[in-house]
Amino acid sequence: MRLYQQLVLFMLAATVLPLAAVGFLLLSRAEAELVARIDAEQRTQASAAAEAVGARLMEVVEALARSAELFDWQSATEAETVGGLRLLYGQSPAVSAVLKLDAQGRPLGAPVFRQEDVEGHPRFKEGGQTRMAHSVPVQQLRGGGKGQAALGGAYVHEESGHAAVSVAVKLAEGEDAPFALAEIVLEPLEAALLRRPQGSLGRVDLVDDDRRILASTEPTRRMTTLAPELAAHLLTPTAPEPDLVRSFRLEDPPRRVSVARVSRGLRFDVVVEVDEATALAPVHAMRRTVLASIGGAFFVLLGLGALFTRRLNRRLGEVVQGAEAYGRGELSRRVKVEGQDELSELATTFNRMGEELESARARLLRWNDELRMRVDEATNELRGAQAQLLEAQKLAAVGQLGAGVAHEINNPLAGILGNVQLLMLDRGSADPDLETLRKIEHSAKRCKEITQNLLRFSQQRERPDMRPVDLNAVVRDALSLTEHQILSDGVTLATQLSPGLSRVRADPGHLSQVVLALLSNARTAMMKSPTRRLTLRTGQRDGRAFLEVEDTGKGISPDIRPRIFEPFFTTKDVWSNVGLGLSVAWRVVTEAGGTLSVRSEVGQGACFTVELPRA
């Protein structure tokens with residue numbers, strides 16, 4: 001991927017995308033807050049309109065009831081009754097007609113209506129009067145007192161197209177008392193009922209239980225039926241009392257709706273509806289503005305990035321050419337340094353690298369000569385190692401020869417020992433030759449024991465014979481081979497063999513070889529020491545048996561301690577086969593599943609510890 005493409009991706013990832021994400025997140029929050037605000041305003045508007053509807057209608061009803069209580073309807077003449085009806089008619093401009101009914105709901109006398117209306121107005125024909133009377137629950141008032149009022153449902157005259165509600169007011173006491181039936185037209189109250197706050201969106205409708213729009217801020221919607229998808233969200237007349245105000249959202253087209261119930265008795269709903277696209281138009285406009293701003297910023301960044309990468313590519317190209325020159329061996333090539341930015345530091349570092357490469361090539365040539373000399377030295381050391389290996393093979397051959405000799409000597413020794421023992425049987429206790437014979441027997445037994453140990457030590461097997469072994473017995477057998485030589489060198493020998501030691505799993509011959517190698521190494525290390533003490537101790541700890549060989553020799557310096565188990569490594573002035581002893585001992589102990597460790601200080605001697613698993 002080219003640098004310009006990477007820069008574009010970086011700008012997208014580092015600037016444009018985070019800004020877009022933050023911008024759209026803020027817009028989403030703003031939209032959610034605006035929707036919540038719209039719902040709150042709608043609920044407030046619906047609640048206020050519902051309260052106004054209830055207050056205005058109840059104001060007219062209460063005015064009619066108060067006026068009916070002030071008049072004596074039972075003793076009034078016909079003219080006085082007409083005056084009383086006119087009194088009721090004048091209580092509110094919304095009262096369009098007043099009619100007196102008997103207890104059975106039949107009209108008594110002529111109705112009172114506007115003066116400009118004619119007597120044959122369709123409202124006061126038989127059908128209109130019947131609709132007014134049937135819309136009021138007159139049965140509820142028969143048991144009430146004078147002045148009690150009941151508000152009926154809404155109805156519409158097909159001839160006039162006006163929405164109205166009827167109010168019945170009881171004119172006297174008793175079940176057979178007459179009623180005054182007043183018609184309240186909603187049209188004069190519409191402006192007050194559906195007053196919309198300045199700057200608010202949407203429309204406000206007053207709806208009855210039959211889903212008819214009785215009043216609306218859009219006059220063309222009066223007396224029409226509410227849309228089915230909206231009507232489905234309204235409560236039915238028999239539904240339980242709901243929350244006073246409810247808000248919800250409708251689709252196709254998207255719009256926000258709030259509904260407030262005027263009261264259970266009035267059975268009217270105020271519906272506030274606003275188109276969502278219109279309400280959220282500021283947020284949508286802001287979203288388009290943000291998109292345009294992000295797009296503009298992106299194109300500006302692309303232009304600036306193109307100019308920057310062009311200059312950057314030119315300077316990097318010079319570095320690339322310098323690197324290719326170095327690849328061809330032209331280490332004298334240098335890159336031009338411009339300015340004090342990071343690329344200048346890169347050019348300076350590149351030039352410094354060229355200088356170091358030149359000096360490194362000179363050093364490499366010198367090292368080549370030194371390497372040739374070291375190879376020659378290593379070759380000489382290898383020839384010496386080959387000579388040492390040849391000597392080791394010679395010693396192995398001598399060991400095999402010694403094993404054969406020991407085997408051949410063992411048979412004559414058995415004869416000597418048998419004859420001496422026969423001679424001792426023929427001598428009495430006072431015989432002067434008995435003591436001499438005993439010395440001969442003891443020496444013969446010692447020679448036989450030495451040859452047996454020599455035979456056991458000289459045996460070579462390709463695979464170790466692992467079996468339970470008495471570690472103390474192996475130590476004693478090894479000491480029998482070399483104890484005389486150790487003591488003859490003036491070394492004090494101390495053995496601390498733990499009684500009841502558990503058997504270990506090892507090859508007895510190989511383990512004897514390990515003990516002999518450690519004893520020989522300790523004896524040699526004490527050749528020039530003023531104090532010569534060799535201690536052998538056995539014991540067990542942590543479920544493993546151990547053997548420690550401790551000397552008071554010259555010790556091992558820390559710089560050569562890691563190499564003491566390497567084959568042919570020795571610190572002796574004259575090489576001997578001991579250079580293989582520690583490496584062979586380490587191999588034998590490791591094959592047996594044990595460990596061979598050493599602790600030593602220069603001038604303080606050394607202590608080799610062999611740990612072996614119990615059988």
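The following paragraphs go through one helix, one ring contact and the cavities of a predicted model. Local features need pLDDT of at least 70 and side-chain atom pairs count only at pLDDT 80 or more, while totals for chains, interfaces and linings use all residues. Residues are numbered from 1 along each chain as its sequence is written, and side-chain values use heavy atoms, without hydrogens and water.

Helix α7 covers residues 281-327; helices are DSSP runs of H or I with at least four residues, numbered from the N terminus. Its 47 residues should span 69 Å, because the expected span is 1.5 Å times one less than the number of residues. The end C-alpha atoms of α7 lie 65 Å apart, which agrees. Buried residues of α7 (under 20% relative accessible area, 1.4 Å probe, protein chains only) include L312, R315, V319 and G322. Just after α7, G329 has a positive phi of about 95°.

R315 and V319 also help to line the largest cavity, as do K336 and E338. A cavity is a set of points on a 1 Å grid over the protein atoms alone where a 1.4 Å probe fits but cannot get out, and lining residues have an atom within 4 Å of a point. The volume of the largest cavity, the space filled by probe spheres set on the points, is about 70 Å³. Both α7 and α8 (342-426) supply at least two residues of its lining.

The second largest cavity holds about 60 Å³. Helix α12 (581-591) gives the largest share of its lining, three residues.

Elsewhere, R541 lies over the face of F546, 4.1 Å from the ring centre; the rule asks for CZ of Arg or NZ of Lys within 6 Å of the centre and within 35 degrees of the ring normal.

Notes:
Buried means under 20% relative accessible area, exposed over 50%, partly exposed in between (1.4 Å probe, protein chains only). On a 1 Å grid over the protein atoms alone, a cavity is a set of points where a 1.4 Å probe fits but cannot get out, and a pocket is an open set with protein on both sides within 12 Å along at least five of seven lines; lining residues have an atom within 4 Å of a point.
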